[in-house]
Structure formats: structure tokens, C-alpha cells
Amino acid sequence: MHGLHHSLSTLPSFAKSADKTAKKSTVASCKTLQIRAMRAVVQRVTSASVEVDGHMVSEIGPGLLVLVGLHESDTDSNSDYICRKVLNMRLFTNECTGRGWDQNVMQRNYEVLLVSQFTLYGVLKGNKPDFHVAMPPQKAKPFYESLVDKFRKAYRPDAVKDGVFGAMMKVNLVNDGPVTMQLDSSQSSK
């Protein structure tokens with residue numbers, strides 16, 4: 001054991017320098033891998049609903065429940081991407097052909113329930129969650145409302161429902177499959 005310690009301490013200076021450079025490079029690449037995008041968790045459901053204070057505020061039959069996390073750096077291009085991808089995700093079976101993963105929510109004439117969920121950007125610091133990268137509520141509320149409007153304009157206004165921004169909600173769902181997909185708008189640059 002003592003000999004191993006001795007041999008490591010006698011590394012040539014260029015090897016020590018290379019090791020420091022590799023560590024800096026690893027730290028830099030970890031920072032660039034952090035997600036900086038709108039996040040959606042999309043669940044194919046046979047039904048879903050949202051309750052606030054014991055009152056039903058939204059419900060859908062078959063379709064998609066979409067939990068939406070807004071990052072502090074999100075822009076309209078992020079919401080455009082999420083809206084387009086969610087509405088066009090082929091998560092449903094084509095009943096005419098029997099082909100799976102063939103139709104999107106619009107082709108099936110199903111519904112979409114959007115629920116704002118800042119906790120999708122929670123990170124643990126020790127055992128306590130930290131939400132510092134989530135968009136602050138005063139900016140997030142109008143941004144989320146514009147996202148709901150995008151969905152309604154891109155599909156049908158009556159087919160897109162949502163929860164109550166900032167409220168303590170009870171979200172009920174019957175996941176069909178189960179099918180759950182995570183989508184980050186940073187994929188739009190790929």
C-alpha cells in the first residue's frame with residue numbers, strides 16, 4: 001500500500017497536468033449536459049382528471065395527460081416544439097389496420113389534459129428538493145397559459161383541458177398500457 005502511494009506521488013508533471021485537464025473537461029461536459037428545456041411527461045390514458053379543493057376542474061376520456069415542467073430559460077420555440085411533438089406522437093393503435101404506434105391523439109379525435117408541474121425540474125440537495133431552475137411563478141403562469149393556447153389553436157379548443165396553475169391539485173389517471181414518454185424541447189436542436 002505504501003509503495004503504491006509513493007509511485008502515484010512520483011508521476012511526471014505532464015501526467016499530473018493531463019489529469020487536471022481531464023477533470024476540468026469532465027466538469028465542463030457535465031455542465032453542458034444539464035437539460036435547459038421545457039419538459040413534458042406524456043401519458044397515454046383511458047381517462048384523467050384534476051381536482052382542486054375537492055372540486056373537479058377538468059376531466060378527459062381517452063387521450064393524453066401531459067405534465068409540463070417549465071425551465072427558467074424557456075422561450076416560444078420550446079413551447080412550439082413541445083406542442084407539435086405531443087400532438088403528433090404516434091402512441092395509439094390504428095383500429096382499422098391493427099397497427100400499433102400508428103396514430104396520434106388528433107387522428108383518434110381524443111383529448112389532451114395539460115397540467116403545469118414545476119417539480120419536474122426538482123433536484124435533490126441532500127434529501128431536500130430544490131427547484132431553482134424551474135421558471136419562477138410570476139413568469140411561468142403567462143407562459144404556461146400561452147402554451148395551453150398553442151395546443152388549443154393547433155388542435156381543437158374543446159379537446160384541450162388543463163389544471164389550475166399554482167394550485168394544489170389531485171391528478172387522477174388511468175394509464176393505458178402503461179405508456180409514458182418523457183420529452184425535452186432541447187431535442188429540437190438535434
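**Exercise 1. Find what joins E111 to K161, and place both residues in the fold.**

Solution. Step 1: the side chains of E111 and K161 form a salt bridge, with 3.2 Å from N to O. The model is a predicted one, and this distance is computed from it.
Step 2: E111 belongs to strand β4 (residues 111-116) and K161 to strand β7 (residues 160-162), so the pair ties together parts that are 50 residues apart in sequence.
Step 3: K161 has a relative accessibility of 24%, which makes it partly exposed.

**Exercise 2. Describe the salt bridge between K150 and D80, and say whether its partners are buried or exposed.**

Solution. Step 1: in this salt bridge, N and O lie 2.6 Å apart.
Step 2: helix α4 (residues 137-154) holds K150 and helix α3 holds D80, so the bridge ties together parts that are 70 residues apart in sequence.
Step 3: to be buried, a residue must have under 20% relative accessible area, and to be exposed, over 50%. K150 has 22% and is therefore partly exposed. D80, with 38%, is also partly exposed.

**Exercise 3. State which residue forms a salt bridge with R152, and where the two lie.**

Solution. Step 1: the partner is D162, and the closest N and O atoms of the pair are 3.5 Å apart.
Step 2: R152 is in helix α4 and D162 in strand β7, ten residues apart, and the pair links distant parts of the chain.
Step 3: the relative accessible area of R152 is 26%, so this residue is partly exposed.
Step 4: the structure has eight salt bridges in total, one of them being the bridge between R152 and D162.

**Exercise 4. D102 is buried; work out what surrounds its side chain.**

Solution. Step 1: D102 sits in the loop between α3 and β4.
Step 2: side chains of opposite charge can pair when their charged atoms come close. For D102 the nearest side chain of opposite charge is R90, at 4.1 Å. A salt bridge requires the atoms to be within 4 Å, and D102 has none.
Step 3: the side chain of D102 does make a polar contact with the side chain of N94, at 2.9 Å.
Step 4: outside its neighbours within four places in sequence, D102 is in contact with R90, F92, N94, T97 and Q107.

**Exercise 5. Locate H71 and decide whether it is buried or exposed.**

Solution. Step 1: H71 is part of the loop between β3 (63-69) and α3 (76-88).
Step 2: its relative accessibility is 1%, so H71 is buried.
Step 3: the H71 side chain has a polar contact of 2.9 Å with the side chain of S73.

**Exercise 6. Explain how strands β1 and β2 are arranged.**

Solution. Step 1: β1 (residues 39-52) and β2 (residues 55-60) run antiparallel and are joined by five bridges.
Step 2: E51 has M56 in β2 as its bridge partner.
Step 3: the two strands form a hairpin with two residues between them, and D53 in the turn has a positive phi of about 50°.

**Exercise 7. Summarise the protein as a whole: how many helices and strands does it have, and in what order do the elements run?**

Solution. Step 1: there are four helices and eight strands.
Step 2: starting at the N terminus, the order is α-α-β-β-β-α-β-β-β-α-β-β.
Step 3: of the 190 residues, 36% are buried.
Step 4: among contacts with a separation of 6 or more, 71% are between residues 24 or more positions apart.
Step 5: the protein exposes about 11500 Å², of which carbon and sulfur atoms supply 55%.

Key. Residues numbered from 1 in each chain as written. Predicted model: local features only at pLDDT ≥ 70, side-chain atom pairs only at ≥ 80, totals over all residues. Heavy atoms only, no water. Buried < 20%, exposed > 50% of the residue type's maximum accessible area, 1.4 Å probe, protein only. Polar contact = N/O pair within 3.5 Å; in protein donor to acceptor, adjacent residues only side chain to side chain. Contact = heavy atoms within 4.5 Å. Areas by Shrake-Rupley, 256 points an atom, 1.4 Å probe, with all protein chains shown as cover. Lys, Arg positive; Asp, Glu negative; His and termini not counted. Pairing = 2+ DSSP bridges.
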